[in-house]
Amino acid sequence: MQFGFDYLPYKWLEEIINLAAERIVVVDSNGLIRYINSGYCDFLGIKAEDAINQPVQNIIENSRMHIVAKSGQAELSAIQPIKGGEMIANRYPLFVEGELVGAVGTVLFRNQQEWWDYSKKIQPLLEELNYYKLNYENGLKSKYKFSDIIGTSSKFMLAKKMAEKISVSNSAVLLTGESGTGKELFAHAIHQNSSREQFPFVRINCASIPEHLLESELFGYDEGAFTGAKKGGKRGKFELANFGTIFLDEIGDMPLSMQSKLLRVLQEGEVERVGGQKPKTIDVRIIAATHRNLEKMIEEGTFRQDLYYRLNVIKLEIPPLRERKEDIPYIATYLLKKLEKKFHQHGINLTNRVISKLQQHNWPGNIRELENVLERAVNVLEGNTIDIVHLPLYLRENVHFLSEKQKVYVDYNNHSDSFPTLKETLSLVEKQAIINALQLSNGNKLEASKLLGIGKTSLYDKCKQYNIK
Ligand SMILES: Nc1ncnc2c1ncn2[C@@H]1O[C@H](COP(=O)(O)OP(=O)(O)OP(=O)(O)O)[C@@H](O)[C@H]1O
């Protein structure tokens with residue numbers, strides 16, 4: 001004896017389905033739509049007759065109904081982007097008398113208003129989640145290629161060519177060079193150009209992590225390893241970098257106790273989590289970098305010689321900027337392009353005077369310092385051309401009043417009646433010199449007084465005397 005639907009008129013049935021599931025679609029085992037209710041059609045802006053017998057993926061964005069109709073695996077509370085928003089979809093395989101005949105899908109929300117209400121609440125959370133996901137994924141990817149490393153001077157090309165050549169090998173690399181020379185950039189590019197590129201690039205700054213956290217950061221820990229240890233434990237950077245590359249930045253700052261532990265990992269190719277029982281085999285390429293003189297540190301007993309040998313299989317020395325001044329115009333142009341993007345500007349250029357000024361400086365902070373100098377200039381710039389006046393004081397200080405803006409002119413036209421006296425001429429020169437100095441220091445009176453070689457109070461008095469605001 002049959003129960004249930006036999007006693008229901010067909011029209012009722014349809015209404016019950018509409019009430020039970022505001023949007024419903026049924027596909028057969030080939031993924032062809034066999035039924036779609038009016039709520040779903042309204043939402044999609046289509047007519048049922050245009051959807052029937054069509055492959056579901058052609059009618060509904062990001063549908064997976066055809067997959068469920070084949071796999072027999074339900075997908076519940078799945079997020080499905082439709083019409084620019086995220087919907088919640090339930091997809092059930094449809095078994096009739098034990099045979100998989102298709103799938104039934106429902107999508108949450110009865111009407112546009114309900115959807116908007118939900119969307120307002122959930123959308124920012126989803127965006128936040130995507131943001132963190134992206135950041136996390138990007139954090140494990142190399143960000144620079146060799147083409148992002150600018151410079152054609154012979155010394156630099158030697159280092160760059162060598163780096164490209166050795167990127168395909170698996171040997172450890174030690175990058176040395178002053179701070180800001182681009183060691184990190186090289187590490188990224190080496191990984192990016194290697195067969196490990198598809199696997200993570202994990203950077204760790206050995207100087208910035210407190211000594212007591214370094215071990216668990218590098219090797220991870222097991223659940224219950226110490227009070228406050230996360231449930232389920234935590235993977236260390238070495239585990240994260242498996243099959244990829246680990247970049248140990250500022251290796252010269254690694255404490256001696258950690259150096260021994262690191263050496264063991266490099267020798268044995270295994271890591272053991274803090275509080276862990278079993279070591280885990282890992283396959284990681286090591287790139288280390290430092291601005292310190294490791295040989296000297298070995299002599300002083302602050303860096304382990306055996307670790308040095310392990311890390312120093314291939315040594316790459318990145319020359320400081322002062323030894324490749326011919327690269328400065330190209331690097332500056334490249335950095336300005338990056339700054340243009342950041343500041344939503346375009347067409348920023350440098351005068352020849354600025355370029356030669358930049359080439360006179362000895363750049364103790366290397367390219368990082370050059371980046372800062374240019375960013376400051378872009379900040380104070382009016383118009384598109386960076387001139388001496390836009391450079392920081394320490395770069396301008398030895399300027400010998402060469403630029404047009406800095407020259408002192410005396411306008412005799414204002415004295416057409418009579419030739420000015422020497423006193424009057426000197427006053428005009430003094431006034432003009434003060435105006436120039438103030439322009440040069442962007443109105444900073446202390447800087448201007450230093451430029452003029454007079455005291456700040458004296459400058460204030462003279463500004464008052466000449467009515468300079
Ligand atoms: N050849 C280059 N071309 C373009 N940009 C560069 C170049 N070298 C360095 N930079 C830029 O200069 C900045 C400093 O570079 P990076 O961080 O790689 O230096 P570093 O040698 O690792 O410094 P530190 O020793 O202080 O960690 C970065 O913003 C980088 O993008």
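1. Let's start with the shell around the ligand. Its residues split into seven nonpolar, seven polar and five charged. There are 19 residues around the ligand, and the closest are Ile150, Ser179, Gly182, Lys183 and Glu184. Three elements give two or more residues each to this shell: α8 (183-192), α14 (328-343) and α16 (366-380). Keep in mind as you read on that this is a predicted model.

2. Where does the ligand lie relative to domain 2 and domain 3? Both domain 2 (146-319) and domain 3 (323-404) give residues to the shell, so the ligand lies between them.

3. Next, the parallel sheet. Five strands make an open sheet in the order β7-β10-β13-β6-β14, and the pairing is parallel. The edges are β7 (201-205) and β14 (314-317); each has a single partner strand, so one side of each is left without a neighbour in the sheet. From one strand to the next the twist averages 20 degrees.

4. Stay at the β7 edge for a moment. Strand β10 (residues 245-249) runs parallel to β7, and five bridges join the two. To find this pairing on screen, pick Phe201, whose bridge partner in β10 is Thr245.

5. Now look at what packs on that sheet. Helix α7 (residues 154-166) touches β6 (173-176) and β14, and its direction makes about 150 degrees with that of β14. Helix α8 packs on the sheet too, touching β6, β7, β10, β13 (285-290) and β14. The direction of α8 makes about 165 degrees with that of β13. You've met α8 already: it is one of the elements that give two or more residues to the ligand shell.

6. There's another open sheet to find, and here the pairing is antiparallel: five strands in the order β2-β1-β5-β4-β3. Which strands stand at its edges? They are β2 (33-36) and β3, each with a single partner strand, so one side of each has no neighbour in the sheet. The twist averages 25 degrees from one strand to the next.

7. Two hairpins in this sheet are worth a look, beginning with β3 and β4. Strand β3 (residues 75-82) and strand β4 (residues 85-96) run antiparallel and are joined by six bridges. Pro81 stands opposite Glu86 in β4. The hairpin has two residues between its strands, and Lys83 in the turn has a positive phi of about 50 degrees.

8. The other hairpin takes you from β4 into strand β5 (residues 99-107), with antiparallel pairing over eight bridges. Two pairs help you trace it: Phe95 stands opposite Leu100 in β5, and Asn90 has Thr106 of β5 as its bridge partner. Two residues lie between the strands of this hairpin as well, and Glu97 takes a positive phi near 50 degrees.

9. Last, a helix pair. How do α19 and α20 pack? Helix α19 (residues 445-452) and helix α20 (residues 456-465) meet at an angle of about 100 degrees, with their axes 9 Å apart. That angle makes α19 roughly perpendicular to α20. From α19, the contact uses Lys445, Leu446, Ala448, Ser449 and Leu452, while α20 brings Lys456, Leu459 and Tyr460. The contact residues divide into five nonpolar, one polar and two charged.

Note on methods
Residues numbered from 1 in each chain as written. Predicted model: local features only at pLDDT ≥ 70, side-chain atom pairs only at ≥ 80, totals over all residues. Near = placed C-beta within 6 Å. Helix = DSSP H or I, 4+ residues; strand = E, 2+ residues; numbered from the N terminus. Nonpolar A, V, L, I, M, F, W, Y, C, P; charged D, E, K, R; others polar. Domains from an automatic or database assignment. Axes fitted to C-alpha atoms, helices over the stretch in contact; angles between N-to-C directions. Parallel < 35°, antiparallel > 145°, perpendicular 65-115°, else oblique. Contact = placed C-beta atoms within 7 Å. Pairing = 2+ DSSP bridges.
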